[in-house]
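Got your viewer open? Load the model and keep the selection box handy.

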Amino acid sequence: MQVYLDESGDLGWKLSAPFRYGGSSRYLCLAFLILPKIHHKLTRGVITAMYQKYGWKDEKKSSTADPSMKLEFARAVVSLLASHPEIKIDCIIANKEKVATHIRNDPNKLYNYMCRLVVPGYVKGLPQFEFIPDKRSVKVESGNSLSDYLQTHLWFDCSCSCRLINRPAESARNYNLQFVDWIANSVWANFESGKSEAYKILSASPSVRIRKLYF
């Protein structure tokens, strides 16, 4: 099993100014692709097809894509999931304006906590899994990495022997991470800016879960 992770939004807390005009995002979305390793080419193929169609040479971020491209992507994802329901997508989005002040003092703890709410349920019955976050993903400032935090939770809190194999990657070279980036941005944009078209398509799939935190 492989678990890919990317996020949209930021961990800033300047909420007195509008987002992108001196202020921070109001929402943080973490998106997870839970992927049986045998199917790793299927999700990658969704992104590959768009590179070929539009002639992209470098990594194309969902945040810079045209709305029609996001809709095309969402439809392709839902079609793939309908054929392969064993592939799962799980997103958790936090309303940062309702996060307690003392939590904001160490925002990476929020990031890790959000991961903890999602990952164990998919992997705790497995002997091992590959954890593949984008290398840009936030790490805990205390010196313990996100992977160490999750491993400790699995072993001590979940009382399971599942081993986490940490394999962070660069999204520019990993089409499955780009896949997750597009998922995260599609969900985040619905809450942050009301751009709901792609979100509505994705959230209608029974293989896509959307969790809300601090709403």
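Here's a short walk through a few side chains in this predicted model.

**Stop one.** Select serine 147, which you'll find in helix H6, residues 146-157. With a relative accessible area of 9%, serine 147 is under the 20% cut-off, so serine 147 counts as buried. Now show its polar contacts: the side chain pairs with that of serine 145 at 2.9 Å, and with that of asparagine 166 at 3.4 Å. Skip the neighbours within four places in sequence, and serine 147 is in contact with Phe131, Leu164 and Asn166.

**Stop two.** Jump to glutamate 72 in helix H2 (residues 67-83). This one is partly exposed, at 23% relative accessibility. Beyond four places in sequence, glutamate 72 is in contact with Met50, Lys53 and Tyr54. Measure C-alpha to C-alpha from glutamate 72 to valine 46 and you should get 9.9 Å, for a pair 26 residues apart along the chain.

**Stop three: salt bridges.** How many salt bridges does a search of the whole structure find? The count is 10. Pick lysine 61, whose side chain meets glutamate 59 at 3.5 Å, N to O. Lysine 61 also bridges to aspartate 181, with the closest N and O atoms 3.2 Å apart. That second pair spans 120 residues, from the loop between helix H1 and H2 to helix H7. Aspartate 181 and lysine 61 are both buried, while glutamate 59 is partly exposed at 26%.

**Last stop.** Select arginine 211 and aspartate 90, joined by a salt bridge of 2.7 Å. They sit in strands S6 and S3, 121 residues apart, and both are buried. Finish on Lys37, Glu130 and Arg167, which shared salt-bridge partners join into one network.

How values were computed: Residues numbered from 1 in each chain as written. Predicted model: local features only at pLDDT ≥ 70, side-chain atom pairs only at ≥ 80, totals over all residues. Heavy atoms only, no water. Helix = DSSP H or I, 4+ residues; strand = E, 2+ residues; numbered from the N terminus. Buried < 20%, exposed > 50% of the residue type's maximum accessible area, 1.4 Å probe, protein only. Polar contact = N/O pair within 3.5 Å; in protein donor to acceptor, adjacent residues only side chain to side chain. Contact = heavy atoms within 4.5 Å. Salt bridge = Lys/Arg side-chain N within 4 Å of Asp/Glu carboxyl O.
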